[in-house]
Amino acid sequence: MLFTIDTLEVGGAEQSLFQIVTRFEKIEPVVCHLYKGEVLKQKFEEAGIKVISLNIEGKYNFLKAYKCLLKVCELEKPELIVSALFRSELISRFVAKKNHVPLIGSFVSDNYSDNKRATLSFIQKIGFYFFYLLNRLTTKYVTAFVANSKSVKDSNAKALNIPRGKIEVIYRGREFKNNLTKRKRKEILTFLNVGRLIKGKGQLELIRAFSEFLKTNPNSRLTIAGEGPYRVELEKEIFLNNLEGKVLLLGNIDNVWDLY
């Protein structure tokens, strides 16, 4: 079974992929990440999972990605391809069609809501509709989809005109450690956000909302664990609102359970 994903950076989809492929007993999983970014690669390999790194430069470079993944598919001869995240999902569709291999796609977010479109500039909207049409036209190459919630399933089924019976909801979770114990409630009210620092995660809006909350609840703190290209914007917002010491950006955390 060939799993394709954009990168192996630290993120929810990547961590979920690790949880999945390390549980197989009768299936041989091979993980292929298409673009540069392999922070988690060693973790996969230490668990005995074969990882193929294409390390394609650029944000898209679809033609090169298609040709490289086509070679991987010809060499590995998978009986099934499972794709995650948008870029690898699109490329996998054409590769699966070319090789007549069944493909399982994934929906992990609501990309077509009115709120999402409202935040885009005119130029961004042009790109948005181009990829929307490409996405909608190529869903016919996918055997079935997995969605991580019912709302995500319903939104994508409607936007992309996909029969709901073609989408299965499998909730994404994390295994809790047995050594987690109740602790005495702290005097400081602490909010915790865990996620990559990218615009779509909403951390900027979270910081602005927390700034308002502080006006009536000064004994509070917001902790954000994760790393990403949006850090500069978040640091700027923290500075402009005098939130140093109140909002903490921890970066990537190896064991997030300690924070929980």
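Start by selecting residues 2-5 and 81-84 in this predicted model. These are strands β1 and β4, which run parallel and are joined by 4 bridges. Pick T4 next and look across to β4: the residue standing opposite is S83.

Keep β1 on screen and add helix α1, residues 12-21. This helix lies across β1 and β2, the strand at 30-35, and runs at about 170° to β1. Now select 86-99 to bring up helix α4, which also packs on the sheet. How many strands does α4 touch, and which ones? You should find contacts with β1, β2, β4, β5 (103-107) and β6 (144-147). Compare directions while you're there: α4 makes an angle of about 155° with β4.

Time to show the whole sheet. It's an open one with 7 strands, paired in parallel, and you can walk through it in the order β3-β2-β1-β4-β5-β6-β7. Which strands sit at the edges? Select 50-56 for β3 and 167-169 for β7; each of these pairs on one side only. Look along the sheet for its twist, too: on average, neighbouring strands are turned by 20° against each other, ignoring direction.

Last stop: helix α7, residues 150-160. Colour its buried residues, which are V152, K153, S155, N156, A157, A159 and L160. What do they pack against? Display β5, β6 and β7 along with helix α6 (122-138), and you have the partners of that buried set. Then step just past the end of α7 to N161, where phi is positive, near 55°.

Methods
Residues numbered from 1 in each chain as written. Predicted model: local features only at pLDDT ≥ 70, side-chain atom pairs only at ≥ 80, totals over all residues. Heavy atoms only, no water. Pairing = 2+ DSSP bridges. Helix = DSSP H or I, 4+ residues; strand = E, 2+ residues; numbered from the N terminus. Axes fitted to C-alpha atoms, helices over the stretch in contact; angles between N-to-C directions. Contact = heavy atoms within 4.5 Å. Buried < 20%, exposed > 50% of the residue type's maximum accessible area, 1.4 Å probe, protein only.
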